[in-house]
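Visitor: I would like to go through this protein one feature at a time. Please reason briefly and finish each reply with the value or name I ask for.

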Amino acid sequence: MASMKRVFVLLLLLAVSLVSAQSWQTVSSVDGKFSVQMPNKPQTQTQNQSEQGITVKTTLYVAGSNGTNYVLSVSVLPSKQDATLVKNMMDGIKSGFVRQTSATVKSDKPYTVNGYAGRLITFTVPSGASGSLWMCNKVGRVYTLTVAKASGDYTAEQKKFHSSFKIKG
């Protein structure tokens with residue numbers, strides 16, 4: 001799980017260098033389980049991680065534009081899961097992100113995106129960037145949407161990214 005957190009953070013930081021003026025486009029999973037709008041074609045990476053002795057497949061989608069980074073991660077859970085696994089994954093994603101980016105958590109609260117109940121964490125990092133990380137568990141998957149902006153208020157970007165997110169099935 002630690003290496004998944006490390007790769008997630010590295011891809012988020014890598015996305016800082018991605019700048020594009022292209023129009024937003026719809027990104028969908030190969031299996032059609034979700035769609036989301038991103039500012040350009042994302043870089044993707046898929047890996048298998050172990051959590052509580054269970055293999056979890058995670059795919060990251062990373063795009064950036066005009067100093068703002070957008071990351072969607074999807075972790076496919078085993079068909080038989082319990083609330084402890086999901087809670088541990090979400091707590092691990094948060095703690096790994098905070099540790100590896102030296103982020104300061106501004107808030108951590110329940111938050112709903114398009115009817116999907118989840119958890120929203122807002123943060124700042126020492127470079128001055130700020131953003132949010134939202135997680136939810138739906139249809140056997142943990143979805144994480146992260147928005148980080150190099151400077152200024154990120155809420156307009158967060159709203160656009162979040163409002164386009166749809167889970168199918």
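Visitor: How do the residues of the lining of the largest pocket divide into nonpolar, polar and charged?

Guide: This is a predicted model. Its largest pocket has a volume of about 250 Å³. Of the 13 residues that line this pocket, those closest to its centre are Ser29, Val30, Lys57, Thr59 and Tyr61. The lining divides into six nonpolar, four polar and three charged residues.

Visitor: Which element gives the largest share of the lining of the largest pocket?

Guide: Two or more lining residues come from each of β1 (25–28), β4 (54–65) and β5 (68–76). The largest share is three residues, and the element that supplies them is β4.

Visitor: In what order do the elements run from the N terminus on?

Guide: The protein has three helices and ten strands. Buried residues make up 50% of its 169 residues. From the N terminus on, the order of the elements is α-β-β-β-β-β-α-β-β-β-β-α-β.

Visitor: What span is expected for helix α2 at 1.5 Å a residue?

Guide: Helix α2 covers residues 83–101, which is 19 residues. From its first C-alpha to its last it reaches 27 Å, and this is close to the expected span of 27 Å.

Visitor: Within what arc do the buried residues of α2 fall, seen down the axis?

Guide: The buried residues of α2 are Leu85, Val86, Met89, Met90, Gly92, Ile93, Gly96, Phe97 and Thr101. They line one face of the helix, because seen down its axis they fall within an arc of 160°.

Visitor: Which residues are exposed on the other side of α2, and which residue just after the helix takes a positive phi?

Guide: On the side of α2 away from the buried residues, the exposed residues include Ala83 and Arg99. Just after α2, a positive phi of about 55° is taken by Ser102.

Visitor: How far apart, N to O, are the side chains of Lys87 and Asp91 in their salt bridge?

Guide: Lys87 and Asp91 are four residues apart in helix α2, so about one helical turn separates them. Asp91 has 23% relative accessibility and therefore counts as partly exposed. The N to O distance in the Lys87–Asp91 salt bridge is 2.5 Å.

Visitor: How many residues apart in sequence are the parts that Lys94 and Asp108 tie together?

Guide: The side chains of Lys94 and Asp108 meet in a salt bridge of 2.8 Å, N to O. Lys94 lies in helix α2 and Asp108 in strand β6 (residues 104–113), so the parts tied together are 14 residues apart. Lys94 is partly exposed at 22% relative accessible area, and Asp108 is partly exposed at 32%. The separation asked for is 14 residues.

Visitor: Is Arg119 buried or exposed?

Guide: The side chain of Arg119 meets that of Asp108 in a salt bridge of 3.0 Å, N to O. Asp108 lies in strand β6 and Arg119 in strand β7 (residues 116–124), so this pair ties together parts eleven residues apart in sequence. The cut-off for buried is under 20% relative accessible area. At 17% relative accessibility, Arg119 counts as buried.

Visitor: Which residues are linked in a network of salt bridges?

Guide: Side chains of opposite charge can pair when their charged atoms come close. A search of the whole structure finds five salt bridges. The residues linked in a network are Lys87, Asp91, Lys94, Asp108 and Arg119.

Notes: Residues are numbered from 1 along each chain as its sequence is written. This is a predicted model: local features need pLDDT of at least 70, side-chain atom pairs count only at pLDDT 80 or more; totals for chains, interfaces and linings use all residues. Side-chain values use heavy atoms; hydrogens and water are left out. On a 1 Å grid over the protein atoms alone, a cavity is a set of points where a 1.4 Å probe fits but cannot get out, and a pocket is an open set with protein on both sides within 12 Å along at least five of seven lines; lining residues have an atom within 4 Å of a point. Grid points are joined across faces, edges and corners, and a volume is the space filled by probe spheres set on the points. Ala, Val, Leu, Ile, Met, Phe, Trp, Tyr, Cys and Pro count as nonpolar, Asp, Glu, Lys and Arg as charged, and the others, Gly among them, as polar. The expected span of a helix is 1.5 Å times one less than its number of residues. Buried means under 20% relative accessible area, exposed over 50%, partly exposed in between (1.4 Å probe, protein chains only). The arc is that of the directions from the helix axis to the C-beta atoms. A salt bridge is a side-chain nitrogen of Lys or Arg within 4 Å of a carboxyl oxygen of Asp or Glu.
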